[in-house]
Amino acid sequence: MPLVNAAEMLTKAKAGHYAVGQFNINNLEWTKAILLTAQELNSPVILGVSEGAGKYMAGYKTVVGMVNGMLEELNITVPVALHLDHGSYEGAKKCIEAGFSSIMFDGSHYPIEENIEKTKELVAICKEKGLSIEAEVGSIGGEEDGIIGMGECADPNECKQIADLGVTMLAAGIGNIHGKYPDNWKGLSFETLDAVQKLTGAMPLVLHGGTGIPADMIKKAISLGVSKINVNTECQLAFQEATRKYIEEGKDLQGKGFDPRKLLAPGFEAIKATVKEKMELFGSVNKA
Ligand code: 13P
């Protein structure tokens, strides 16, 4: 099936009280592992691409070519959206041109008036071209591509203002952080999430920083309207751990163990296992 935008899969997820995973990709192995797992579990999926990862993979057109090629050659029939993660205004425009099916415009670091203005412009372009669009209010904590946020809680009224612009989905900061959570993390603010959900109604809400959030908090967040959960670091850690083990066991020194197809295989399997675990937790299995 060709790429789809994320609107239908997220509307269904919100109505069905489950969440669709956005898994960020870094290279061919990542992309293939995520797509094959989604297909095996009959789950919809969103492939996330940060601007840094896009650059690393030789540009957005390369990413679009790789993903479209895999959808066809691997016979992927579950719904797949290709989504720009934390896009700038310029990055969002480039991805729209390159053939992404969904974008995030992260205007959370702008004053709210400017966030509204830029989001509005991109909503109009996405509507015309049939893409879905995610907006953000209240910056997510942690570091991603050199941008450091402190894990704010969004103002629910500002969330309502942005939701009313016609975005497909809304990321609201609720104390969540990208990367590993520090030991003194206070947890998600369900009070904020509840207030945002009450004001934004049917709007699918997005939870960033999915790595390391305990399962009970994930379930509670879904019950309060979260329909899309972003996971990046956890796949990276799983890949790193499996690759380290392979090398520490000296397997790269045995026979043709140096062959990248062998060297990267344990990490590939580890990503698959992580994605499977998350899809089961999020409840998206058999929801394609
Ligand atoms: P983690 O790296 O913490 O899983 O967060 C991913 C994310 O939110 C991407 O936008």
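Ser 50 and Asp 85 are bridge partners, with Asp 85 lying in strand E3. The model is a predicted one. Strand E2 (residues 45–50) and E3 run parallel and are joined by 6 bridges. E3 also pairs with strand E4 (residues 102–105), again in the parallel sense, over 3 bridges. Here Gly 87 has Phe 105 of E4 as its bridge partner.

The pairings of E3 are set out below.

| Strand paired with E3 | Sense | Bridges | A bridge pair |
|---|---|---|---|
| E2 (residues 45–50) | parallel | 6 bridges | Ser 50 and Asp 85 |
| E4 (residues 102–105) | parallel | 3 bridges | Gly 87 and Phe 105 |

Helix H5 (residues 89–98) completes a right-handed β-α-β unit with E3 and E4. How many residues of E3 are buried? The count is 8 of the 8, so the rest of the structure largely encloses this strand.

**Ligand shell**

The ligand is surrounded by 15 residues. His 208, Thr 211, Asn 230, Asn 232 and Thr 233 are the closest. Strand E3 (80–87), strand E10 (226–231) and helix H10 (233–248) each give two or more residues to this shell. By type, the shell holds 12 polar, 2 charged and 1 nonpolar.

**Whole chain**

The chain has 12 helices and 10 strands. Its radius of gyration is 18 Å, close to the 19 Å that the globule rule gives for 288 residues, so the chain is as compact as a globular protein of that length. The C-alpha trace spans about 60 × 45 × 35 Å along its principal axes. Buried residues make up 49% of the 288. Among contacts with a separation of 6 or more, 71% come from residues 24 or more positions apart.

Definitions and conventions:
Residues are numbered from 1 along each chain as its sequence is written. This is a predicted model: local features need pLDDT of at least 70, side-chain atom pairs count only at pLDDT 80 or more; totals for chains, interfaces and linings use all residues. A residue is near a molecule or strand if its C-beta atom, placed from the backbone, lies within 6 Å of it. Helices (H or I, at least four residues) and strands (E, at least two) are DSSP runs, numbered from the N terminus. Ala, Val, Leu, Ile, Met, Phe, Trp, Tyr, Cys and Pro count as nonpolar, Asp, Glu, Lys and Arg as charged, and the others, Gly among them, as polar. A residue is buried if 20 or more other C-beta atoms lie within 10 Å of its own, exposed if 12 or fewer, and partly exposed in between; C-beta atoms are placed from the backbone. Two strands pair if DSSP finds at least two bridges between them. A crossover is right-handed if, with the strands pointing away from the viewer, the path from the first strand over the helix to the second runs clockwise. The radius of gyration is taken over C-alpha atoms; the globule rule is 2.2 Å times the number of residues to the power 0.38. Two residues are in contact if their C-beta atoms, placed from the backbone, lie within 7 Å.
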